[in-house]
Amino acid sequence: MIHLFVAFIVKNTSSRSKLRSLRPWVTGFWLILALLLLVACEALKNPFLEELPSEGLTNQAPETHLFLNFDPNRMDTIITDGDTSITMHLADTSTSQQILFWWGDDSDGEVIAYHYRWNFQDEWTRTNLETDTFFLPLQVLYDEFVFEVKAEDNNGSLDPSPATLRIPVTNTPPEIEFTVASNPAAGSDPSIEYVTFPTRTFNWVVSDLDGFETINQVRYAVDDTLDWVYVSNEISSVTLSNLSAGLHTFYVQAIDTAGARSRLLTFPDTLDSTVPDYWRVREPRGEILLVDDDPGNDDPDAHPIYTEMLESIYGPEGYTLFDLSEDIYGLPQAQSDQLAMYSYFKTIVWFHYGGTPNLPDADESMTRYVNNGGNLFISSMNVIIDTGPTPNDTTWYIDYSYIEMDSVFILDHSGRLRRPITIYLLDPSQTQEPTILDSLITSVSITRRVISYQALELEPGATSTDLFVIQEPSSATHAWTGNPPVAQLYQASPTSGQVVFFSLPFQYCDGSGNLGSTLQYVLEDIFH
């Protein structure tokens with residue numbers, strides 16, 4: 001149409017001057033046409049641009065995810081042709097101890113915290129953690145617990161739909177066991193009596209698959225399960241005292257928050273062949289405790305020698321025998337029980353000849369006994385050997401806490417001290433000039449290496465005096481000179497008890513028939 005309009009103008013123009021006069025009109029026409037096209041295009045929708053919202057962007061809430069930790073014991077790993085697969089065996093219920101994990105996503109920001117709660121809680125708990133261990137308060141045999149967690153982003157928005165997990169829980173009864181090695185072993189014959197004095201400590205360990213926190217209390221009883229004593233789950237031992245003489249049985253049991261009970265643990269237990277079938281309590285008699293520590297019964301004559309001496313001095317009811325050479329006896333496992341046993345008596349007479357002695361096991365409690373004022377007479381040839389590269393470098397020494405033995409040496413390296421050998425008893429009150437009060441003579445040859453010892457360095461307040469010394473050497477095999485001590489009178493402090501450690505077998509020193517009177521002098525005149 002524009003073309004026809006222009007042709008019409010040209011056709012009806014007779015001269016070039018007329019055509020020039022029309023030029024402004026044509027220019028104006030083109031300007032108007034361009035303006036119309038611009039307006040028309042402005043009204044059209046641009047297919048390459050999205051329509052922007054008229055207001056600002058809205059924050060997107062975060063999303064939360066949750067999963068439960070599985071016990072590895074409930075998974076089986078199966079390997080087939082190099083491929084590994086894991087099969088889970090999930091029980092219908094779980095325990096009250098739960099380990100949960102969670103995390104969050106935020107499309108327009110970041111997750112900065114989480115809020116969680118259980119169905120038994122009213123308030124939410126805010127945390128920065130993404131895992132935690134929970135102990136569910138199971139009060140009945142079966143219950144269901146619901147856990148919710150929701151993420152929080154950097155703008156303070158919370159997930160409107162928290163991640164949720166429902167956990168069915170069945171209570172697991174607690175378990176209880178005696179502490180390892182806290183009870184005596186029966187050996188090859190469990191049908192024996194374990195004998196103690198009126199003090200006895202029992203130790204136990206409790207556990208629960210639902211968590212230790214679910215164990216509510218422990219109860220124990222002696223002889224009668226109708227008379228229980230209840231203690232908290234934090235208590236793992238009890239010391240019984242003033243027990244009456246005779247046979248006894250100890251019972252202990254754990255109880256959890258749901259009221260479930262562990263098995264009833266007993267001592268003794270006739271169904272357990274590793275422990276004695278009977279437990280007997282003995283009443284202490286007299287002020288003297290005689291300990292026969294000859295496990296191998298290497299010297300069967302020693303036992304009657306000591307018992308006859310003490311009976312002649314104090315009578316059959318004036319002392320108590322504790323025979324470690326028999327299966328029915330044994331040092332108490334607890335050091336506190338050992339100390340309680342010793343503390344029933346004013347003085348302990350302890351002899352050992354062959355085999356492995358129990359003296360090292362009694363060191364701690366014996367030291368406390370002596371420090372508390374108890375007296376101790378020991379006859380033992382036991383030495384602790386530290387072997388060097390050659391026999392001549394062998395070091396012999398005794399290491400007990402209740403006496404000082406800094407210098408120890410062997411009197412006869414042949415290992416045979418032939419009789420007769422004279423042992424002199426010195427007056428301990430005469431420290432400047434040794435005074436002989438009496439003498440003992442060996443009645444048999446001693447087929448052990450005999451030692452002599454001295455205390456070279458004493459703690460402040462301690463005293464150590466030669467009490468028994470050996471004769472001067474009379475044989476080429478005798479490695480000593482002068483009169484070395486074979487027993488010293490040691491006292492750690494003015495308030496502690498006194499100790500005599502006789503390094504020869506005392507029972508072999510009755511060649512003059514005065515062994516009993518010598519022992520009586522030590523027990524009654526030397527010991528305070």
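The following numbered points comment on selected features of this predicted model.

1. Overall composition. The protein chain carries 6 helices and 32 strands. Of its 528 residues, 41% count as buried. Among contacts between residues at least 6 apart in sequence, 72% join residues at least 24 apart.

2. Strand β17. This strand, residues 250–256, is largely enclosed by the rest of the structure, because 7 of its 7 residues are buried. Phe250, Val252, Ala254 and Asp256 point one way from β17, while Tyr251, Gln253 and Ile255 point the other way, and all of them are buried. Asp256 and Gln253 are thus listed among the buried residues together with Phe250 and Ile255.

3. Neighbours of β17. Strand β13 (residues 215–222) runs antiparallel to β17 and is joined to it by 7 bridges. β18 also runs antiparallel to β17, with 3 bridges between them. Tyr251 can be followed into both pairings: Ala221 stands opposite Tyr251 in β17, and Thr266 in β18 is a bridge partner of Tyr251.

4. The end of β18 and the loop that follows. The peptide bond from Phe267 to Pro268 is cis, with omega near -5°. Pro268 belongs to the loop between β18 and β19. For context, most peptide bonds are trans. A reviewer may wish to look at a second case, the cis peptide bond joining Arg419 and Pro420, where omega is about -10°. Pro420 is placed in the loop between β26 (407–410) and β27 (422–426).

5. The second largest pocket. About 230 Å³ of space lies in this pocket. Its lining comprises 17 residues, and Phe178, Asn183, Asp272, Thr274 and Val275 are those nearest the pocket centre. β10 (175–178) and β18 (265–267) each supply at least two residues of the lining, and β18 gives the most, with 3 residues. By class, the lining has 8 nonpolar, 5 polar and 4 charged residues.

6. Positive phi outside glycine. Ala181, in the loop between β10 and β11 (193–196), has phi near 65°, a positive value in a residue other than glycine. Asn242, in the loop between β15 (237–240) and β16 (246–247), likewise has a positive phi, of about 55°, although it is not a glycine. Most residues other than glycine have a negative phi. Ala181 counts as exposed because its relative accessibility is 59%, where the cut-off is over 50%. Asn242 is also exposed, with a relative accessible area of 72%.

7. Glu283 and its surroundings. Glu283 is found in the loop between β19 (278–281) and β20 (288–292). Its relative accessible area of 44% makes it partly exposed. Beyond residues up to four places away in sequence, Glu283 touches Phe197, Pro198, Leu243 and Ala245. Glu283 and Asn242 are 41 residues apart in sequence, and their C-alpha atoms are 9.6 Å apart in space.

8. The antiparallel run β5, β8 and β9. Strand β5 (residues 111–118) pairs with strand β8 (residues 142–153) in the antiparallel sense over 7 bridges, and Tyr114 has Ala151 in β8 as its bridge partner. β8 in turn pairs with strand β9 (residues 163–170), again antiparallel, over 8 bridges. Within that second pairing, the bridge partner of Glu144 is Pro168 in β9.

9. Helix α5. In this helix, residues 363–371, the buried residues are Asp363, Ser365, Met366, Thr367, Tyr369 and Val370. An α-helix has 3.6 residues a turn, so residues three or four places apart point the same way. The elements covering the buried residues of α5 include α4 (335–343), β22 (347–351), β23 (375–379) and β32 (498–502). Just after α5, Gly373 takes a positive phi of about 115°.

10. His478. This residue is placed in the loop between β30 (463–470) and β31 (485–491). His478 is buried, because its relative accessible area is 11% and the cut-off is under 20%. A polar atom of the His478 side chain lies 3.0 Å from the backbone nitrogen of Ser474. Not counting residues up to four places away in sequence, His478 touches Leu411, Asp412, Leu417, Ile421 and Pro473.

Key
Residues are numbered from 1 along each chain as its sequence is written. This is a predicted model: local features need pLDDT of at least 70, side-chain atom pairs count only at pLDDT 80 or more; totals for chains, interfaces and linings use all residues. Side-chain values use heavy atoms; hydrogens and water are left out. Helices (H or I, at least four residues) and strands (E, at least two) are DSSP runs, numbered from the N terminus. Buried means under 20% relative accessible area, exposed over 50%, partly exposed in between (1.4 Å probe, protein chains only). A polar contact is a pair of N or O atoms within 3.5 Å; within protein, one must be able to donate a hydrogen and the other to accept it, and residues adjacent in sequence count only if both atoms are side-chain atoms. Contact means heavy atoms within 4.5 Å. On a 1 Å grid over the protein atoms alone, a cavity is a set of points where a 1.4 Å probe fits but cannot get out, and a pocket is an open set with protein on both sides within 12 Å along at least five of seven lines; lining residues have an atom within 4 Å of a point. Grid points are joined across faces, edges and corners, and a volume is the space filled by probe spheres set on the points. Ala, Val, Leu, Ile, Met, Phe, Trp, Tyr, Cys and Pro count as nonpolar, Asp, Glu, Lys and Arg as charged, and the others, Gly among them, as polar. Two strands pair if DSSP finds at least two bridges between them.
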